[in-house]
Each structure stands twice: as C-alpha cells, then as structure tokens.
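Trainee: I am new to this structure and would like to go through it with you step by step. Could we begin with the overall build and then turn to the interior?

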Amino acid sequence: MENKLKEMIQSVAPLDEAAMEAARRRQAQLAKPPGSLGRLEELSIQLAGITGKVHNSVEKKHLLVFAADNGVVEEGVASSPQSVTLMQTVNLTRAKTGASVLAKHFGAGVTVCDVGVNANIRDTAVLNRKIAYGTKNMTKEPAMTRQQALTAILTGVELAQKTDADVFGIGEMGIGNTTTSAAVLSVLLDADVEQVTGRGAGITDEGFRKKKDAIRRAIEINRPNPNDVVDVLSKVGGFDIAAMCGGFLGSALTHRPVVIDGFISVVAALCAVRLCPNVRGFLVPSHASYEIGYRLAMEALDLQPLFLLGMRLGEGSGCPLAFQVLEAACAIMNDMATFDQAGIDDGYLDEIREGDKFSVEGAR
C-alpha cells in the first residue's frame with residue numbers, strides 16, 4: 001500500500017499554466033473593469049488550471065462524507081454521546097442533517113461512507129468501507145496501525161476517483177473528531193495545543209480541560225513524526241480524517257476541484273498537501289470555521305475562505321454554498337460579453353491596466 005500511495009502522489013500534476021494564462025486573457029476581454037469580480041475571476045482561472053480548459057461547468061456537484069468513531073471519547077472530550085455518530089451517519093443519507101439539507105436544496109449528490117463507525121450499520125444507503133469499529137484511545141496507544149491509516153487514505157482516493165462529479169466537497173461525521181484534528185494539526189505545525197484546540201460542538205470548561213489534556217498526552221505517548229503524515233494520522237488521527245485526506249488526493253488525481261469544509265476538513269486537506277504539494281492547486285475553501293485551529297491550518301495552506309458566516313457544524317455543510325460560487329465563476333467566464341461583443345471601446349481602461357501592470361511588477 002505504501003508503494004501504491006507513492007505512485008498516486010507522483011501522478012498528481014500541477015495546474016495547467018497555459019490554460020490559466022488563456023483564462024486570464026479571457027477575463028481581461030470581458031466587459032468590466034479589471035479585477036472587478038474579485039474571487040470569481042480567481043476561481044475561474046483556477047478552474048482552467050485544474051481542467052486544462054478555459055470554459056468549464058460544475059453541473060455535477062457531490063459531497064463525500066466519511067464517518068468514523070474515535071476511541072479518545074473515553075476521556076470525556078465530547079459533549080455528545082458516541083451513538084450520535086451512528087444516528088447522524090444514517091440521517092445524512094436522508095437529507096435530515098444540515099449538510100445534506102443544503103446539498104439537496106442546491107442539487108448536490110451525497111455519498112456517506114462508513115470507514116470506522118462503532119456500530120453495524122444496516123442501512124444500505126451508507127457505503128460500507130469499515131476498517132474497524134472506531135479507533136483506539138490515542139491517550140493510551142496509537143489510534144490505529146499504519147496499515148489501517150493507509151487503507152483509510154486509499155479508500156478516500158478510490159471513492160473520489162469512482163464518483164461521477166465535476167466538483168467535490170469533503171465532509172465528515174464522528175464524535176470526538178475535533179480532538180483528533182487538533183492533535184494532528186498540533187503535530188504538523190509544531191503548534192502548542194492551546195493554539196489549535198477549540199470547544200468543538202460545545203463542551204463545559206471541565207470538558208475543554210480534559211480535551212486539551214488528552215491531546216497533550218496522546219502526542220507525548222505516541223510521539224508521531226511530523227515529517228511523516230501517515231505516521232501522524234495513525235498515531236493521533238482518525239479513520240475519517242485519513243479517508244478525507246485521500247478524498248482530496250483522489251480529486252486532484254482526476255483533475256477536479258475539491259472544496260474544503262471546516263476545521264476537520266482543512267486539517268485533512270493539509271495532510272493531503274503535506275503528502276503531495278500539487279494538491280493545493282485543486283483546493284477551494286468554503287467558510288471560515290469558528291474553530292480556533294482553522295486559521296492556522298489555512299495560513300499553512302496559504303488560502304483564504306470564501307465566506308464568514310460563523311459556521312461550525314461540520315459534516316460538509318459549507319461545501320454546497322461554495323459549489324454555488326463556483327457555478328457563478330463558470331457563468332461569468334462562459335456567458336459574459338466581451339468588450340467587442342458589447343460594442344464598447346475599452347481604451348478608457350488602458351491607464352488602469354497599466355497601473356495594475358506596474359503594481360504587479362513592483363510586487364515581484
């Protein structure tokens with residue numbers, strides 16, 4: 001499995017610079033002041049780099065949700081009982097959760113994949129890729145074996161590769177996974193636990209203290225290697241995070257954009273980029289998570305969120321909103337008139353363009 005993952009990593013190509021330059025030229029011809037549509041212009045250019053085409057569409061939108069339980073909940077780090085993972089995993093397939101309601105409303109498909117829920121799920125709408133019945137308690141031993149971590153990553157890759165979609169969103173369901181995400185982020189960024197650990201879905205002051213203490217103990221006992229993402233995931237991560245990491249990698253392998261949800265999703269995205277730097281070019285952030293560690297993870301990726309909505313649900317709830325922005329970016333590139341088509345002499349913009357040119361050159 002190690003060799004298979006390495007081959008996949010080596011197969012992820014960088015963005016198509018020629019297509020991006022053609023997209024920039026197209027944007028310059030559209031009947032508007034340069035840069036006046038901001039992030040929509042940037043996204044349309046990024047999409048060109050991803051697909052190799054100036055004109056794109058994101059009609060087929062799909063949310064991949066990976067569900068798993070975490071043994072660390074034994075330490076009292078979560079306010080919700082572990083049984084909530086099972087119930088919400090099933091409810092996600094019935095358009096009864098925040099993320100699945102938004103996905104249905106905006107016409108996005110949803111696949112829910114069990115990679116480690118601590119229960120037998122008999123609902124056939126949930127894809128069964130169970131690796132184990134939850135991870136071990138990482139404060140006492142590694143959360144999983146290295147082989148299990150690799151299996152989870154490759155499961156995410158496979159699911160992304162086989163799903164018919166123009167764009168993906170990567171979400172999760174698993175009680176206790178803000179604890180595992182904070183642990184992974186603390187190791188990868190060599191950041192203090194206080195800097196990366198928030199209250200998740202909401203816990204008491206005593207629960208918050210237990211959560212930070214559990215993360216410290218897990219890192220101290222397991223001593224994950226920050227230069228080895230698989231080692232970090234296996235020792236202090238979760239099956240969901242590892243599979244999400246694979247989902248980001250699989251999207252990049254198949255030249256499709258992939259949307260980051262909130263805190264857990266951005267940690268998984270950071271894992272994917274640490275494994276394969278070329279993955280970064282395929283990432284599209286959605287909302288700014290309320291979780292404290294989110295900002296550090298985004299800074300490490302050098303990305304900026306599209307929305308500031310105070311969201312902290314997870315599940316992939318920000319992805320359907322970002323899909324709509326991507327659709328808007330495609331519409332601008334595909335349907336907006338050029339200056340020639342609009343019958344406008346754009347000579348009045350020469351001075352502005354010259355100023356932009358000098359600004360860009362001066363920043364180099």
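**Fold and interior**

Mentor: The model is a predicted one, and in it the protein has 16 helices and 6 strands.

Trainee: How compact is the protein for its 364 residues?

Mentor: The globule rule gives 21 Å for 364 residues, and the radius of gyration of the protein, also 21 Å, is close to that, so the protein is as compact as a globular protein of that length. Along the principal axes, its C-alpha atoms fill a box of roughly 70 × 45 × 45 Å. The value to keep for the radius of gyration is therefore 21 Å.

Trainee: What percentage of the residues of the protein count as buried?

Mentor: A residue counts as buried when its relative accessible area is under 20%. Applied to the 364 residues of the protein, the share that counts as buried is 54%.

Trainee: Which helix gives the largest share of the largest nonpolar core?

Mentor: The largest nonpolar core has 85 residues, and Phe-248, Leu-249 and Val-266 are among those with the most contacts inside it. Its largest share, 11 residues, comes from residues 263-275, which form helix α12.

Trainee: How many residues are in the other core that lies apart from it?

Mentor: In soluble globular proteins, nonpolar side chains tend to be buried together. Here another core lies apart from the largest one, with Ala-103, Val-112, Ile-121 and Phe-323 among its members, and its size is 28 residues.

How values were computed: Residues are numbered from 1 along each chain as its sequence is written. This is a predicted model: local features need pLDDT of at least 70, side-chain atom pairs count only at pLDDT 80 or more; totals for chains, interfaces and linings use all residues. Side-chain values use heavy atoms; hydrogens and water are left out. Helices (H or I, at least four residues) and strands (E, at least two) are DSSP runs, numbered from the N terminus. The radius of gyration is taken over C-alpha atoms; the globule rule is 2.2 Å times the number of residues to the power 0.38. Buried means under 20% relative accessible area, exposed over 50%, partly exposed in between (1.4 Å probe, protein chains only). A nonpolar core is a set of buried Ala, Val, Leu, Ile, Met, Phe, Trp, Tyr and Cys residues joined through side-chain atoms within 4.5 Å.
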